[in-house]
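Subject: Structure handover

Hi,

Here is the structure I promised to pass on. Please open it alongside this note; my findings follow below.

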Amino acid sequence: MKKIVANFKMNKTNNEVKDYIMKLLPKYEKDKAEIVLCVPFTAITLSKFLLDGTGINIGAQNICDEDDGKSTGEICGSMIKNCGADYVIVGHSERRVKFKENGRIINKKIKLALKNRLKVILCIGETLAEKNTLKTNEVIKTQLEDALKGLYENELDNIVIAYEPIWAIGTGKTPLAKEIENTVKVIRKVVADDFSDKAGEKIEVLYGGSVDVKNIASFSKIKNINGMLVGGASLDADNFSQIIKNIR
Ligand code: PEP
């Protein structure tokens, strides 16, 4: 079954999350896809309460890279898990750019997420300048190797890689299906070289960047991906339920 991760980003108060879930649930077809709603920290507990038993999973959008309490204003893995989330997004480009998260920090976050039994949605992707200078493969390899440094192969079962070209996020621009397929091949090869062929085949890889109701069916045909990460188009429950309906 394909996976669809919704990233609400910094959107929705708890009242809005409640309305959204109430609208989504009657339209949600359980067998169509495995859904993860990555809501703001403030809405995790409420979402868990409303979604318990529905099969829809909850994710956070960030995790602190420290575990020791001396990080005012941050939220650590044990807190996220205890609120009811099972997933956490790590390495989103908005955090890499705005909050200067580098490979070392992302690697620390992944290890702390795994330690707290959270599954990681690891975002990687190139800028437009990197794409235009044919550096995509190199960037992907570096981001992946930095993020996965020091992990054991069995820990990859709890990691989902989301290939998100930065120039495609929120822009309405998307790569060609062939380009996504080629980059996903590179991702699987890096994992195969660093861990094993089996790991390269098995690891879940999603595509994210301007996925919407109109393009979901064609993205679904890309053979080597396991699903999608949807940002803007996930914010409306009707829209999102249509996306779920149209995934193949
Ligand atoms: C994202 O923010 O991860 C994302 C994929 O956004 P959008 O779908 O809006 O491009």
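How many residues surround the ligand, and which are the closest? The count is 13, and the closest are Lys9, His92, Gly170, Ser210 and Gly231. Bear in mind that this is a predicted model.

**The ligand site**

Start with the side chains. Lys9 places a side-chain N or O atom 2.7 Å from an oxygen atom of the ligand. His92 does likewise with its own side chain, at 2.8 Å from a ligand oxygen. The backbone takes part too: an N or O atom of the Gly232 main chain lies 2.8 Å from an oxygen atom of the ligand. On its own, the ligand has 290 Å² of accessible area, and the protein covers 96% of that.

What is the make-up of the shell, in nonpolar, polar and charged residues? Seven are polar, four are nonpolar and two are charged.

**Lys9 and Lys100**

Lys9 deserves a second look. Its phi is positive, at about 55°, although Lys9 is not a glycine. Where does Lys9 sit? Its place is in the loop between strand E1 (3-7) and H1. So please view the backbone there together with the ligand contact: the Lys9 side chain has an N or O atom 2.7 Å from a ligand oxygen.

Lys100 also has a positive phi, near 55°, and is likewise a residue other than glycine. Lys100 is in the loop between helix H4 (93-98) and helix H5 (103-115).

**Helix packing**

Three helix pairs are worth a check on screen.

H1 and H2 come first in my notes. Helix H1 covers residues 14-24 and helix H2 covers residues 44-51. They pack at an angle of about 25°, and their axes are 10 Å apart. Angles under 35 degrees count as roughly parallel, so H1 is roughly parallel to H2. The crossing of this pair, H1 and H2, is right-handed.

H1 also meets helix H11, which spans residues 237-246. Their axes come within 9 Å and cross at roughly 40°. That angle makes H1 oblique to H11. H1 passes H11 in a right-handed crossing.

The remaining pair is helix H7 (residues 136-148) with helix H8 (residues 177-194). Here the angle is about 40° and the axes are 10 Å apart. H7 and H8 are therefore oblique to each other. Their crossing, H7 with H8, is right-handed.

**Where to look**

For a quick tour, begin at Lys9, one of the closest residues to the ligand. Then follow the chain from the Lys9 loop into H1. From H1, turn to its packing against H2 and its crossing with H11.

Best wishes

Notes. Residues are numbered from 1 along each chain as its sequence is written. This is a predicted model: local features need pLDDT of at least 70, side-chain atom pairs count only at pLDDT 80 or more; totals for chains, interfaces and linings use all residues. Side-chain values use heavy atoms; hydrogens and water are left out. A residue is near a molecule or strand if one of its heavy atoms lies within 4 Å of it. A polar contact is a pair of N or O atoms within 3.5 Å; within protein, one must be able to donate a hydrogen and the other to accept it, and residues adjacent in sequence count only if both atoms are side-chain atoms. Accessible areas come from the Shrake-Rupley method with a 1.4 Å probe; for residues, only the protein chains shown count as cover. Ala, Val, Leu, Ile, Met, Phe, Trp, Tyr, Cys and Pro count as nonpolar, Asp, Glu, Lys and Arg as charged, and the others, Gly among them, as polar. Axes are lines fitted to C-alpha atoms, for helices over the stretch in contact, and angles run from 0 to 180 degrees between N-to-C directions. Helices (H or I, at least four residues) and strands (E, at least two) are DSSP runs, numbered from the N terminus. Angles under 35 degrees count as roughly parallel, over 145 as roughly antiparallel, 65 to 115 as roughly perpendicular and the rest as oblique. A crossing is left-handed if the near helix is turned anticlockwise from the far one by less than a right angle, and right-handed if clockwise.
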